[in-house]
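User: I would like to learn how to read a protein model. Please take the features in turn, with the general idea before the case.

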Amino acid sequence: MMVLAKSKDLPAIMEIYKSCTEKMNENGLYNWDVNYPDIKTVTQNIESGALFILMEGNIKGVLCIDENQPEVYEEIQWQLDGNFVCVHRLAINPNFQKQGLAYKAMLEVESWAEMKGYSHIRLDAFGENAGARNLYTKLGYKEKGMVHLYPETGAEYMCFEKILN
């Protein structure tokens with residue numbers, strides 16, 4: 001179940017991001033590192049009411065939902081303008097990956113967004129992360145094009161959009 005994160009959840013959240021970063025790095029995916037996701041950003045997300053934890057007995061995952069899109073998203077030809085919400089930094093504790101939790105979390109995000117009156121969801125995934133890209137495609141998100149969130153790294157991120165009912 002997706003619930004708003006609280007300040008007391010910060011240590012567990014940062015541990016999930018750390019564990020996920022290590023796991024991705026072990027698999028040759030270097031989009032996250034010791035500098036990101038960072039405690040300042042995560043704390044700001046908690047304080048603004050944008051960070052959610054995925055609870056099933058304990059915290060099994062985390063994600064951010066807000067209306068803030070990276071500036072480079074302006075390069076993308078989106079199907080719809082306005083009235084969107086963005087998903088950032090979805091992470092599932094590696095001990096609970098491969099159990100459908102990310103899929104389930106995104107279904108909850110979609111229900112939440114519809115309930116709040118949003119017409120569509122935007123997000124991005126590291127271009128080399130086939131698992132994440134497959135997840136979003138399986139959920140009906142459409143690939144909209146690659147962007148460089150951090151031009152200094154040269155890394156590409158695929159943008160996705162899903163129109164809600």
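User: How many helices and strands does the chain have?

Analyst: Helices (H or I, at least four residues) and strands (E, at least two) are DSSP runs, numbered from the N terminus. Here the chain has four helices and seven strands. Read from the N terminus, their order is β-α-α-β-β-β-α-β-α-β-β. The radius of gyration, taken over C-alpha atoms, is compared with a globule rule of 2.2 Å times the number of residues to the power 0.38. For this chain the radius is 15 Å, close to the 15 Å that the rule gives for 165 residues, so the chain is as compact as a globular protein of that length. The C-alpha trace spans about 40 × 35 × 30 Å along its principal axes.

User: What should I know about the model itself?

Analyst: This is a predicted model, in which local features need pLDDT of at least 70 and side-chain atom pairs count only at pLDDT 80 or more, while totals for chains, interfaces and linings use all residues. Residues are numbered from 1 along each chain as its sequence is written, and side-chain values use heavy atoms, with hydrogens and water left out.

User: What percentage of the residues in the chain is buried?

Analyst: Buried means under 20% relative accessible area, exposed over 50%, and partly exposed in between (1.4 Å probe, protein chains only). By that reading, buried residues make up 50% of the 165 residues in the chain.

User: Which residues of helix α2 are buried?

Analyst: Helix α2 covers residues 39-47, and its buried residues are Val 42, Asn 45 and Ile 46. An arc is that of the directions from the helix axis to the C-beta atoms. Seen down the axis of α2, the buried residues fall within an arc of 100°, so they line one face of the helix. Lys 40 and Glu 47, on the other side of α2, are exposed.

User: What covers the buried residues of α2?

Analyst: Cover is read from contacts, meaning heavy atoms within 4.5 Å. For the buried residues of α2, the cover includes α1 (10-26), β2 (51-56), β3 (58-66) and β4 (84-92). After α2 comes Gly 49, with a positive phi near 75°.

User: How many disulfides are there?

Analyst: A disulfide is a pair of cysteine sulfur atoms within 2.5 Å. The count here is zero.

User: Why is there no bond at Cys 64 or Cys 159?

Analyst: The closest cysteine sulfur to that of Cys 64 is in Cys 86, 9.2 Å away, which is too far for a bond. For Cys 159 the closest cysteine sulfur is also in Cys 86, at 9.1 Å, again too far. Cys 64 is buried at a relative accessible area of 1%, and Cys 159 is buried at 0%.

User: How many aromatic pairs are there?

Analyst: A pair of aromatic rings is described by the distance of the centres and the angle of the planes. Rings of Phe, Tyr and Trp (its six-membered ring) pair if their centres lie within 6.5 Å; planes under 30 degrees apart count as stacked, over 60 as edge-to-face and the rest as tilted. The count is nine aromatic pairs. In one of them, the rings of Trp 112 and Tyr 118 have centres 6.1 Å apart and planes at 20°, so the pair is stacked. Trp 112 is buried at 18%, and Tyr 118 is buried at 15%. The rings of Tyr 150 and Tyr 157 have centres 6.1 Å apart and planes at 75°, so that pair is edge-to-face.

User: Which residues do ring pairs link into a cluster?

Analyst: The cluster is made of Tyr 36, Phe 126, Tyr 150 and Tyr 157. Within it, Tyr 150 is partly exposed at 30% relative accessibility, whereas Tyr 157 is buried at 6%.
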